[in-house]
Amino acid sequence: MDWNIFLSVICTAIAFVGVLDTVYHIYHMTVIDAAARGLKHPKLWGVFVSSGNQSSGLLMYLIGRRKYPVVNMTESNLREIERCKKAAGAGLVFIAVGAIGIICSISL
């Protein structure tokens with residue numbers, strides 16, 4: 001068995017898990033923020049933000065939400081957003097570790 005291929009597959013799986021985790025938590029933060037600002041269809045905004053190619057959906061949401069002040073943000077929502085930020089950061093670490101592992105396994 002070629003260990004470089006095995007290591008590449010494992011690192012790709014780690015990076016993929018990181019991508020899924022990061023996208024899910026960005027979706028969840030967007031839904032909470034959109035609901036707190038009173039935007040219609042917060043789940044649709046979450047899908048729009050998390051599915052945008054090259055973060056165009058996120059950029060449009062961040063520009064468009066300035067018109068809507070926060071009207072209904074509870075303490076539990078703030079804690080949930082902070083938890084999602086940390087979890088998305090952990091997802092980014094998984095992406096970085098996976099990418100570094102892929103590069104190392106290819107270069108060996």
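**Helix contacts, pocket lining and salt bridges in a predicted model**

At 25% relative accessibility, Ile95 counts as partly exposed. The model is a predicted one. Ile95 belongs to helix H4, and its C-alpha atom is separated by 5.0 Å from that of Gly18, a residue 77 positions away along the chain.

A second long-range pair is formed by two cysteines. Cys104 is placed in helix H4. The C-alpha atoms of Cys104 and Cys11 are 9.8 Å apart, with their positions 93 residues apart along the chain. The cysteine sulfur closest to that of Cys104 is the one in Cys11, but the separation of 8.0 Å is too far for a bond. A disulfide would require the two sulfur atoms to lie within 2.5 Å. Under this rule, the model has 0 disulfides. Cys104 is partly exposed, its relative accessible area being 38%. Cys84, in contrast, is buried, with a relative accessible area of 0%.

The largest pocket holds about 260 Å³ of space. Its lining comprises 13 residues, and those closest to the centre are Met29, Thr30, Asp33, Leu62 and Arg65. At least two lining residues are supplied by each of H1, helix H3 (56-64) and helix H4 (75-107). H1 provides the largest share, 5 residues.

Two of the residues closest to the centre of the largest pocket, Asp33 and Arg65, also form a salt bridge, in which the closest N and O atoms are 2.9 Å apart. Asp33 lies in helix H1 and Arg65 in the loop between H3 and H4, so this pair ties together parts that are 32 residues apart in sequence. The two partners fall into separate accessibility classes: Asp33 is buried, with a relative accessible area of 9%, whereas Arg65 is partly exposed at 24%.

The total number of salt bridges in the model is 4. Among them is the pair of Arg83 and Glu80, whose side chains meet with an N to O distance of 2.7 Å. These two residues of helix H4 are 3 residues apart, so about one helical turn separates Arg83 from Glu80. Both ends of this bridge are partly exposed, Arg83 with a relative accessible area of 41% and Glu80 with one of 23%.

Another salt bridge joins Lys85 to Glu82, with the closest N and O atoms 3.3 Å apart. The spacing in this pair is likewise 3 residues within helix H4, so Lys85 and Glu82 are separated by about one helical turn. Lys85 is partly exposed at 45% relative accessibility, and Glu82 is partly exposed with a relative accessible area of 41%. Elsewhere, salt bridges with shared partners join Asp33, Arg37 and Arg65 into one network.

Helix H1, which spans residues 3-37, includes Ile10. Together with Trp3 and Phe6, Ile10 makes a nonpolar surface patch of about 330 Å². Membership of such a patch requires over 30% relative accessible area. Ile10 is partly exposed, and its relative accessible area of 38% therefore satisfies that cut-off.

One backbone feature concerns His41, which has a positive phi of about 55° although it is not a glycine. His41 is located in the loop between H1 and helix H2 (42-51). The residue is exposed, with a relative accessible area of 56%.

Key
Residues numbered from 1 in each chain as written. Predicted model: local features only at pLDDT ≥ 70, side-chain atom pairs only at ≥ 80, totals over all residues. Heavy atoms only, no water. Patch = residues over 30% accessible without salt bridge, like charges linked within 9 Å, V, L, I, M, F, W, Y side chains within 5 Å. Areas by Shrake-Rupley, 256 points an atom, 1.4 Å probe, with all protein chains shown as cover. Helix = DSSP H or I, 4+ residues; strand = E, 2+ residues; numbered from the N terminus. Buried < 20%, exposed > 50% of the residue type's maximum accessible area, 1.4 Å probe, protein only. 1 Å grid on protein atoms, 1.4 Å probe; cavity = no way out; pocket = protein on both sides within 12 Å on 5 of 7 lines; lining within 4 Å. Points joined across faces, edges and corners; volume = space filled by probe spheres on them.
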